[in-house]
Number of protein chains: 2
Amino acid sequence: MKLQEIYARKKKDIAAIEKELERSINVDHALLRETAAHLLKAGGKRIRPVFVLLSGEFGNYDLERMKHVAVPMELIHMSSLVHDDVIDDANTRRGQLTVRSKWDNRVAMYTGDYIFARALEIISGIPKPELHQIMSKAIVQMVIGEMEQIRFFYDTEQSIRDYLLRIRRKTALLIAVSCKLGALSSDADDVTANRLYRFGYNVGMTFQIRDDVLDIRGTEKELGKPPGSDVKQGNITLPVIYALQVPGIREPLRRELERIQAADGQTDVSAFIELIRSSGAMERADRLASRYIDKAIRALDGLPDCQAKRDLIDIAYFIGDRNY
Amino acid sequence: MKLQEIYARKKKDIAAIEKELERSINVDHALLRETAAHLLKAGGKRIRPVFVLLSGEFGNYDLERMKHVAVPMELIHMSSLVHDDVIDDANTRRGQLTVRSKWDNRVAMYTGDYIFARALEIISGIPKPELHQIMSKAIVQMVIGEMEQIRFFYDTEQSIRDYLLRIRRKTALLIAVSCKLGALSSDADDVTANRLYRFGYNVGMTFQIRDDVLDIRGTEKELGKPPGSDVKQGNITLPVIYALQVPGIREPLRRELERIQAADGQTDVSAFIELIRSSGAMERADRLASRYIDKAIRALDGLPDCQAKRDLIDIAYFIGDRNY
């Protein structure tokens, strides 16, 4: 099943969120309007807003109220991407020029700050301080996760646990919180909200693992960029950590990593990619991703059977099979 | 009167805020703890927390509650400084190495993001959504003000109004909001809160004008850095705009600015400084700063006469005379 088919039922509401996203960045400042619009147009799966909307169906669904949660979640995600691009010296994302490359790092930094601040402004329109608190705690963790990523650059001694803790912070918590806030803003009860939180958390873990696997498995055509961009930035992901555990692979892989690090990522990484692909690490990573999907779906067990639940399950399977 | 004397009465509470600031950044992440502590140790006048505390005296003063406003206000200010240092390629601030210079731009960007996120987390502990909204609106404006500063770099056609609007966003609003939130979090009434807001706004305007004047008037010894650092970054401040209005000064000044811009600020700016100092612009800027101080003090007119009010007036005069 394709994502667009799953989204079809919510098409109208997703379009309303998209409109609201556009409005939210339509600021009285020419440059910020331009950079933010550039980011928005680059698209994305809008998975966080969709999770907000679907989770909202487990309470008293009210699109107007949902907007105040769905839009900030996407904005926070976007803002973290602009800052990541500065960190990674990234020139393209999703086949489009990044803000830092089209303008410069300074503009990208303030664009991120601005979008972030707008996100807060919008969510603060909901008179439920509990939601603000949940969101701000997740943001704190997200930023720590991003710092952690830098700390572990080219670190071949890091453990699976280091990796999982990092992607939990960097990716999974914001998706978990999107589900939880979607539920709470619709006055769903706490048990429901926490089930949806666990669902989102486990889907988010899969999402990041899949993303990291794809960067090694994908072709340039599929990815819109050459494979291995993670390692070029120094980012050691799950398949790499698994491969480092394989005798016979560990040493040549470490030498490759040293070589890539010495070249500051400006080098051919095909030997590195080949080593990982031949190590059995990809399959182990796939299995871990599947386990998280299973956990995600089990988290929904106690929830009433409804179309929103079936949609969440479909999206979870889609992300589990993610190959795009 | 010295600032320390005015602060003396609140010494214990200011120390409690300082302690809370330290605690707020004491995160379970070695690098972030280090960078944030470095920032905190660099000091500062803590003018925003002090305004929160003094404004709180116009309501039901409760230090525990105050902490949830005073600490975020200082953290937001600190976070904007770290990001500014990235933008300005600044190597020192208040005589100390900046985070970007001691570590790097990436670490500085995430340190700013982190401190910012912690600020939100702390203020979200107060169950008054209105406060969150006021704060987030001010942050949006602050970021726009920072972008505006870039837009007007080396722009000799900008008006006084452009300048005032920019410093309003960049500096005055956060100080205004510190006063307002100090009052509201103490359950002071809206009229009182808005008077304190106007006070803070006008003090903030003076504060920034004084800062900008000082960068041209001060000696290297007084400033801890050579005068003219604003223009080296491209920042055209009030005295410069006034001087550009003076026939006989305008043309040589424009040529100097072109020369400084062409050298990307890496040049001697003493001729520039001399032109401004001889133009009468410093005196005009002083007069405008004084007018804002008068407005600040008038904003307090309707408030009951109490020690907090007298302290606010003393601080306003101190900032008006600011020469440090």
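This is a short tour of a predicted two-chain model, one selection at a time.

**Before you click**

Residues count from 1 along each chain as its sequence is written, while chains are lettered from A and ligands numbered from 1 in the order in which they are written. Since this model is predicted, local features need pLDDT of at least 70 and side-chain atom pairs count only at pLDDT 80 or more, with totals for chains, interfaces and linings using all residues; side-chain values use heavy atoms, leaving out hydrogens and water.

**Stop 1: both chains**

Colour chain A and chain B separately. How does chain B lie on chain A? A turn of 180 degrees with a shift of 0.0 Å along the axis does the job, and the RMSD is 0.0 Å (copies are superposed by least squares on the C-alpha atoms of residues with pLDDT of at least 70 in both). The two copies are therefore related as by a two-fold rotation axis.

Now select Pro129(B). Of the residues of chain B, Pro129(B) comes closest to the rotation axis, with its C-alpha at 2.8 Å. The same surface serves both copies, as 100% of the contact residues of chain B recur in chain A.

**Stop 2: where the chains touch**

Select the residues in contact across the two chains (contact means heavy atoms within 4.5 Å). You should pick up 40 residues from chain B and 40 residues from chain A. The area buried between the two chains is about 3,700 Å², and carbon and sulfur atoms give 74% of that. Buried area here is the accessible area (1.4 Å probe) that two parts lose on being put together, summed over both.

Which residues of chain B lose the most area to chain A? Show Arg106(B), Tyr110(B) and Met147(B): together they make up 20% of what that side buries.

Next, look for polar links. There are 11 residue pairs in polar contact across the interface, both partners at pLDDT 80 or more. A polar contact is a pair of N or O atoms within 3.5 Å; within protein, one must be able to donate a hydrogen and the other to accept it, and residues adjacent in sequence count only if both atoms are side-chain atoms.

Switch to cartoon view and find α3 (30–41), α5 (63–88), α7 (105–123) and α8 (129–151) of chain B, which each supply at least two residues of the side that touches chain A. Helices (H or I, at least four residues) and strands (E, at least two) are DSSP runs, numbered from the N terminus. α8(B) gives the most to that side, with 14 residues.

Colour that side of chain B by residue type and you get 22 nonpolar, eight polar and 10 charged residues. Ala, Val, Leu, Ile, Met, Phe, Trp, Tyr, Cys and Pro count as nonpolar, Asp, Glu, Lys and Arg as charged, and the others, Gly among them, as polar.

**Stop 3: a bridge between the chains**

How many salt bridges run between chain B and chain A? The count is two, where a salt bridge is a side-chain nitrogen of Lys or Arg within 4 Å of a carboxyl oxygen of Asp or Glu. Zoom in on Lys137(A) and Glu121(B), which form a salt bridge with their closest N and O atoms 3.2 Å apart.

Then pick Glu121(A), in helix α7 (residues 105–123) of chain A. Is Glu121(A) buried or exposed? With a relative accessible area of 14%, Glu121(A) is buried (buried means under 20%, exposed over 50%, partly exposed in between; 1.4 Å probe, protein chains only). Leaving aside neighbours within four places in sequence, Glu121(A) is in contact with Ser136(B), Lys137(B) and Val140(B).

**Stop 4: bridges inside a chain**

Over all chains, the salt bridges come to 44. Try Arg250(A) and Glu157(A), whose side chains meet at 3.3 Å, N to O. Arg250(A) sits in helix α14 (residues 250–262) and Glu157(A) in the loop between α8 and α9 (160–185), 93 residues apart. Arg250(A) is partly exposed at 24%, whereas Glu157(A) is exposed at 55%.

Hop over to chain B, where Glu157(B) forms a salt bridge with Arg254(B), closest N and O atoms 3.5 Å apart. Glu157(B) is in the loop between α8 and α9 and Arg254(B) in helix α14, so the pair ties together parts 97 residues apart in sequence.

Last, select Arg9(A), Lys10(A), Asp13(A), Glu57(A) and Asp311(A): a network of salt bridges links them.
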